[in-house]
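User: I would like to go through this structure step by step. Please reason briefly and finish each reply with what I asked for.

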Amino acid sequence: MSKIATINTYPISAPLKRRYHTAHESRDDVTLLLVEVVTDDDIKGYGQVSSTPMKDIATWVSKLAPHVIGMNALAHGDVWEKLFALTSPQPGAGGLPRNARPQIMGAIAGIDMALWDIKGKAAGMPVYRLLGADNKPVFTYGTGGYYVEGAKLTACAEELAGFVARGYKAVKLKTGADTIANEVRRIAATRAAIGPDISLMLDMNAAYDLPACIEFARAVEPYNIFWLEEPLHWYLQPADFALLAKATPIPLAHGERELTRFTTRDFMTLGGIRYVQFDSTRYAGFTESLRVAHMADHAGVMITPHHAPELHCHLVAAFPRTGFAVESHGSPDRDPIWHGLFSDRAQIRDSYVHMNDKPGFGIEIDWNYAKKHAA
Ligand SMILES: [Mg+2]
């Protein structure tokens with residue numbers, strides 16, 4: 001039996017060449033918290049946490065560690081339940097603070113994913129194989145069209161046409177930061193530049209209330225839009241999504257900001273979403289992602305996790321009917337850590353992720369890069 005012996009964290013940050021904006025936020029750098037779980041028989045597993053603040057999440061990893069050290073490293077379900085239970089009151093012991101809930105769920109994500117990596121390494125199998133999948137290419141779309149200060153309104157069209165020229169069959173445009181009239185100009189220019197055969201998703205980063213979103217959806221319908229992602233303000237609920245789903249034929253995508261399977265379930269069963277984007281690396285980990293994927297498969301909702309294509313490809317590969325795609329950044333400039341941190345991982349070519357046959361998630365860390373970019 002492999003027991004959990006130590007848990008370490010490595011916060012990593014890399015600067016972006018230029019500042020990128022979405023409808024909601026802007027950023028100058030990208031960050032990743034690497035979580036390393038080591039077993040008493042010296043198997044090392046790696047989890048990744050993409051939510052922030054990294055230092056707070058790293059502190060929570062170290063506070064959670066004593067609760068799981070000594071547990072069977074292959075019993076990821078027991079470990080997950082033990083950690084998740086701490087977030088609710090325990091008789092005589094209270095619960096972990098409510099105001100740190102997203103960071104605690106991030107810490108659980110990192111530990112959980114490292115245990116899946118360990119499980120694969122202990123079994124000598126890739127994670128996709130543990131889940132019953134074959135090594136087959138997993139579809140990926142390229143995200144771009146971020147807002148850049150000083151760039152012309154339709155610069156996104158050229159950029160996304162560039163992704164298509166490099167092999168992407170589907171591209172996703174950031175939208176929602178400008179007036180609806182200007183957004184329609186960006187979308188029309190992008191559709192003209194990529195041609196009629198490429199799928200075009202729109203990521204709205206929660207820019208609208210319901211009436212404005214219905215107006216937006218009607219205005220973009222002529223451009224053959226594949227999905228509207230995170231269409232509504234953060235506080236709007238499955239009932240609001242259901243109204244939107246009734247008002248537009250464009251499918252809705254959602255889930256990247258959800259902390260657990262329980263809220264994600266309601267967007268699938270009540271909210272009318274047709275693509276689910278739960279992100280293992282933000283909250284709750286691969287174990288929760290797998291539960292979400294099973295629910296999606298039951299409900300006929302397509303599985304298309306947010307970011308981390310080298311990890312989420314293992315999940316999507318395991319659902320031949322409803323595993324649709326993983327997300328990747330169309331431009332290396334937007335994701336320097338993905339291009340620098342790994343000496344081996346799945347590769348992206350021609351709009352597909354190609355997995356290797358190494359055990360676990362099939363990733364190797366370039367520790368020189370990790371040290372150089374230690375945050
Ligand atoms: Mg998004």
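User: In what order do the three strands of the open sheet lie?
Analyst: This is a predicted model. Strand 1 (4-21) and strand 3 (44-49) are the edge strands, since each pairs on one side only. The pairing in this open sheet is antiparallel, and the order is 1-2-3.

User: By how many degrees are neighbouring strands of this sheet turned against each other on average?
Analyst: The sheet in question is the open one with antiparallel pairing. With direction ignored, the average turn between its neighbouring strands is 20 degrees.

User: Which residue in strand 3 is the bridge partner of Leu33?
Analyst: Strand 2 (residues 26-39) and strand 3 run antiparallel and are joined by six bridges. Leu33 has its bridge partner in strand 3, and that partner is Val49.

User: Which peptide bond is cis, with omega near -5 degrees?
Analyst: The place to look is the loop between strand 3 and helix 1, where Pro53 is found. The cis bond leads into this proline: it runs from Thr52 to Pro53.

User: At what angle does helix 3 run to strand 3?
Analyst: Helix 1 (residues 54-68) lies across strand 1, strand 2 and strand 3, at about 165 degrees to strand 1. Helix 3 also lies across strand 1, strand 2 and strand 3, and its angle to strand 3 is about 145 degrees.

User: Is helix 3 roughly parallel or roughly perpendicular to helix 10?
Analyst: The axes of helix 3 (residues 101-123) and helix 10 (residues 285-299) come within 5 Å and cross at roughly 85 degrees. Angles of 65 to 115 degrees count as roughly perpendicular. Helix 3 is therefore, relative to helix 10, roughly perpendicular.

User: How many nonpolar residues does the contact of helix 3 with helix 10 have?
Analyst: Helix 3 brings Ile108, Ala109, Asp112, Met113 and Trp116, which meet Gly285, Phe286 and Thr287 of helix 10. Sorted by class, one residue in this contact is charged, two are polar, and the nonpolar ones number five.

User: Why do the buried residues of helix 5 line one face of the helix?
Analyst: The buried residues of helix 5 (residues 155-165) include Cys156, Ala157, Glu159, Leu160 and Phe163. An α-helix has 3.6 residues a turn, so residues three or four places apart point the same way. Strand 4, strand 5 (170-174) and helix 6 (180-194) are among the elements that cover these buried residues. They line one face because, viewed down the axis of helix 5, they fall within an arc of 165 degrees.

User: Which residue in strand 6 stands opposite Lys172?
Analyst: Strand 5 and strand 6 run parallel, joined by five bridges. In strand 6 (residues 199-203), four of the five residues are buried. Opposite Lys172 in strand 6 stands Met201.

User: What is the bridge partner of Thr140 in strand 11?
Analyst: Strand 4 (residues 138-144) and strand 11 run parallel, with four bridges between them. Strand 11 (residues 326-329) is covered on both faces: Val326 and Ser328 are buried on one side, Glu327 and His329 on the other. The partner of Thr140 is Val326.

User: Is Glu230 buried or exposed?
Analyst: Glu230 is found in the loop between strand 7 (225-229) and helix 8 (238-247). Its phi is positive, about 40 degrees, although Glu230 is not a glycine. A residue counts as buried if 20 or more other C-beta atoms lie within 10 Å of its own. Glu230 has 25 of them within 10 Å, so it is buried.

Note on methods: Residues are numbered from 1 along each chain as its sequence is written. This is a predicted model: local features need pLDDT of at least 70, side-chain atom pairs count only at pLDDT 80 or more; totals for chains, interfaces and linings use all residues. Axes are lines fitted to C-alpha atoms, for helices over the stretch in contact, and angles run from 0 to 180 degrees between N-to-C directions. Helices (H or I, at least four residues) and strands (E, at least two) are DSSP runs, numbered from the N terminus. Angles under 35 degrees count as roughly parallel, over 145 as roughly antiparallel, 65 to 115 as roughly perpendicular and the rest as oblique. Two residues are in contact if their C-beta atoms, placed from the backbone, lie within 7 Å. Ala, Val, Leu, Ile, Met, Phe, Trp, Tyr, Cys and Pro count as nonpolar, Asp, Glu, Lys and Arg as charged, and the others, Gly among them, as polar. A residue is buried if 20 or more other C-beta atoms lie within 10 Å of its own, exposed if 12 or fewer, and partly exposed in between; C-beta atoms are placed from the backbone. Two strands pair if DSSP finds at least two bridges between them. The arc is that of the directions from the helix axis to the C-beta atoms.
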